[in-house]
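Me: Please take a close look at one part of this model, the salt bridges and their surroundings. Start with a single buried side chain, then move on to the charged pairs.

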Amino acid sequence: MKPSIGRQVADEMKRRGTGPRMWARARNFHWRTVNEVLHHDLGGKRGGPRTDAIFAALIKDGYIDVNHEFIKPIENAV
């Protein structure tokens, strides 16, 4: 994941009422690992089971798609 996409994901987490730290804690990830994935391209440099699990959780929560691209939220969805 590119750092620019990670920044968008972090901003969207804050918009939804949580930040990367709280999101990580709620899903039993270490906040530093989530920070490295979002902002420093850890998953692109070296993968692993934890980064794969973080990506899977981000996909499940609707932040990114399977190609690790940001999913723009639909404003005022009913």
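Reply: Start with Thr51. Its relative accessibility is 5%, so Thr51 counts as buried. Keep in mind that this is a predicted model. Thr51 belongs to helix α5, which covers residues 49-60. The Thr51 side chain has a polar partner: it reaches the backbone oxygen of Gly48 at 3.1 Å.

Now the charged pairs. Side chains of opposite charge can pair when their charged atoms come close. Here the count comes to three salt bridges, with 4 Å as the cut-off between the side-chain nitrogen and the carboxyl oxygen.

Take Glu12 next. Glu12 forms a salt bridge with Arg15, and their closest N and O atoms are 2.9 Å apart. Both residues sit in helix α1, residues 3-15. They are three residues apart, about one turn of the helix. Glu12 also meets Arg16 in a salt bridge, again side chain to side chain, at 2.9 Å from N to O. Glu12, Arg15 and Arg16 are therefore linked in a network of salt bridges, since a side-chain nitrogen of Arg within 4 Å of a carboxyl oxygen of Glu makes such a bridge.

How exposed are the members of this network? Glu12 has 5% relative accessibility, so Glu12 counts as buried: the limit is under 20%. Arg15 is at 48%, so Arg15 counts as partly exposed. The upper limit of that class is 50%, and exposed means over 50%. Arg16 is at 41% and counts as partly exposed too. The network thus joins a buried Glu12 to a partly exposed Arg15 and a partly exposed Arg16.

That leaves the pair of Arg27 and Asp61. Their side chains meet in a salt bridge at 2.9 Å, N to O. This pair links distant parts of the chain, with the two positions 34 residues apart in numbering. Arg27 lies in the loop between α2 (20-26) and α3 (31-39). Asp61 lies in the segment after α5. Arg27 has a relative accessibility of 33%, so Arg27 counts as partly exposed. Asp61 is at 24%, and Asp61 counts as partly exposed as well, because buried requires a value under 20%.

To recap: Glu12 pairs with Arg15 within helix α1, Glu12 also pairs with Arg16, and Arg27 pairs with Asp61 across distant parts of the chain.

Methods: Residues numbered from 1 in each chain as written. Predicted model: local features only at pLDDT ≥ 70, side-chain atom pairs only at ≥ 80, totals over all residues. Heavy atoms only, no water. Helix = DSSP H or I, 4+ residues; strand = E, 2+ residues; numbered from the N terminus. Buried < 20%, exposed > 50% of the residue type's maximum accessible area, 1.4 Å probe, protein only. Polar contact = N/O pair within 3.5 Å; in protein donor to acceptor, adjacent residues only side chain to side chain.
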